[in-house]
Amino acid sequence: MTPGPHPSSGGLAAVSSALLAMSRHLEVRDVLKTIVASARDLLDAEYAALGVPDDHGGFAQFVVDGVSDDQWKAIGPLPRQHGILAAMLHGAETERLADVRKDPRFEGWPDAHPDMSDFLGLPIRDGDEVIGALFLANKRCPKPTGGCGFTADDEELLTILAQHAAIALTNARLYERSRELTIAEERSRLAHELHDAVSQKLFSLRLTAQAAAALVDRDPARAKDELHQVAALAAEAADELRAAVVELRPAGLDEDGLVATLRTQIQVMDRAHSARVVFDGRGVRALPAAQEEAMLRVAQEALHNALRHSGAARVDVVLEKRDDHVRLSVADDGCGFEPGGVRRAGRHLGLVSMRDRAGGVGGRLTVDSAPGKGTTITMEVPGA
């Protein structure tokens, strides 16, 4: 097959755009989708797919582009590692075929599978390990007998893309592992916090109940006051437990999205605390998973501060679309503080963690507060 012309400046710009798109995502699934879509667009193919193998002859993840959801459901179970796919994964060789159906390794496909002819596939390697297989089919071009199809230049472009895909995929896996560790640390922090807060409340409750018992006979009126205090302490302990359960419960981001998850959690907090907690979501569509999780965690941390430290009577949480970004704000009417003095006083109030979360997804966090003036914490991320 005669190689086509070398990549034009437009082709190089497309490669650059594809690499930038991959670098923006931290979730493995998002990275896989971006790689597949970028490869299909870059090589002008009708179909593209990427499979991440498991250790049992199948695929742990399999992403396609160019096939509708209905077609994909009709095709049936994920492919196994056999035929040409196995050759790419286990032989670690690039495969460029004028007609995949005529290859002796071709073993057919399900009835609902789209018909494919010319084929280009190559392994994605991390060092010596094959971590995936990227393949394209049906290049969009006239196909006289024995002509067109994928070229050597197409193979070169896809090889460059695959090398960067390996980096993006490895980084995404490392990010997910670090996030799992972060979640474990967060749960440990909450467990300690729950233990400390509830233990203190229960200790005070026990002492107050003992005092009330001692006063019942000689000072009934004072004993009654002590019993009112017992009831108040018991209610506070219940509030601490409910709030901790909300924070420990896995967020339904994957199923429900950020808006619904925030609304549900804030409704529970509104019932669990004496302060009024109100949520307003305005025109925000789905964001990348990493951004949604970061915004949820910032909202939870800001709410934690407002409800447990500020003495606020009302907290307003607003999530809204503004031009080319999405804005989250958590505003309370509590005691406020001097932001510049937080570090000096040794009270970080989670601000460092919140700023790290915002910066980690390309956003920024601002804090507006003053003694006696309440506090507003704002996070903005780019997004539709």
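In the predicted model, L328 is in contact with ten residues named here, once its neighbours within four places in sequence are set aside: L262, M295, V298, A299, V317, V318, L319, I377, T378 and M379. L328 also belongs to the largest nonpolar core, which comprises 36 residues. Together with L262, M295, L319 and M379, L328 is listed among the residues with the most contacts inside this core. Two or more core residues are contributed by each of helix 7 (253-272), strand 6 (276-282), helix 8 (289-309), strand 7 (314-322), strand 8 (325-332), helix 10 (351-360), strand 9 (364-369) and strand 10 (375-382). Helix 8 supplies the largest share, with 10 residues. Another core, of 29 residues, lies apart from this one and includes A39, A45, A166 and L169. In soluble globular proteins, nonpolar side chains tend to be buried together.

Helix 4 (83-91) has as its buried residues G83, I84, L85, A86, M88 and L89. The cover over these buried residues includes strand 1, strand 2, strand 3 (95-97), strand 4 (119-126) and strand 5. After helix 4 comes A92, which has a positive phi, near 55 degrees.

Helix 4 also takes part in the lining of the second largest pocket, to which two or more residues are given by each of strand 1 (45-53), strand 2 (59-65), helix 3 (69-75), helix 4 and strand 5 (129-139). This pocket holds about 590 Å³ of space. Its lining consists of 30 residues, and those nearest the centre are P79, L85, W109, H113 and F135. L85 is thus both a buried residue of helix 4 and one of the lining residues nearest the pocket centre. By class, the lining comprises 23 nonpolar, 4 polar and 3 charged residues.

Across the protein, 10 helices and 10 strands are present. Of its 384 residues, 43% count as buried. Among contacts with a separation of 6 or more, 63% join residues 24 or more positions apart.

The confidence of the prediction varies along the sequence. The average pLDDT of the protein is 79, and 78% of the residues score at least 70. Residues 1-10 have a pLDDT that stays under 50, and the model gives this stretch 13 contacts beyond four places in sequence. A pLDDT below 50 is also found over residues 343-347, a stretch with 4 contacts in the model beyond near neighbours in sequence.

Terms used. Residues numbered from 1 in each chain as written. Predicted model: local features only at pLDDT ≥ 70, side-chain atom pairs only at ≥ 80, totals over all residues. Heavy atoms only, no water. Core = buried A, V, L, I, M, F, W, Y, C linked by side-chain atoms within 4.5 Å. Buried < 20%, exposed > 50% of the residue type's maximum accessible area, 1.4 Å probe, protein only. Helix = DSSP H or I, 4+ residues; strand = E, 2+ residues; numbered from the N terminus. Contact = heavy atoms within 4.5 Å. 1 Å grid on protein atoms, 1.4 Å probe; cavity = no way out; pocket = protein on both sides within 12 Å on 5 of 7 lines; lining within 4 Å. Points joined across faces, edges and corners; volume = space filled by probe spheres on them. Nonpolar A, V, L, I, M, F, W, Y, C, P; charged D, E, K, R; others polar. pLDDT = per-residue confidence, 0-100.
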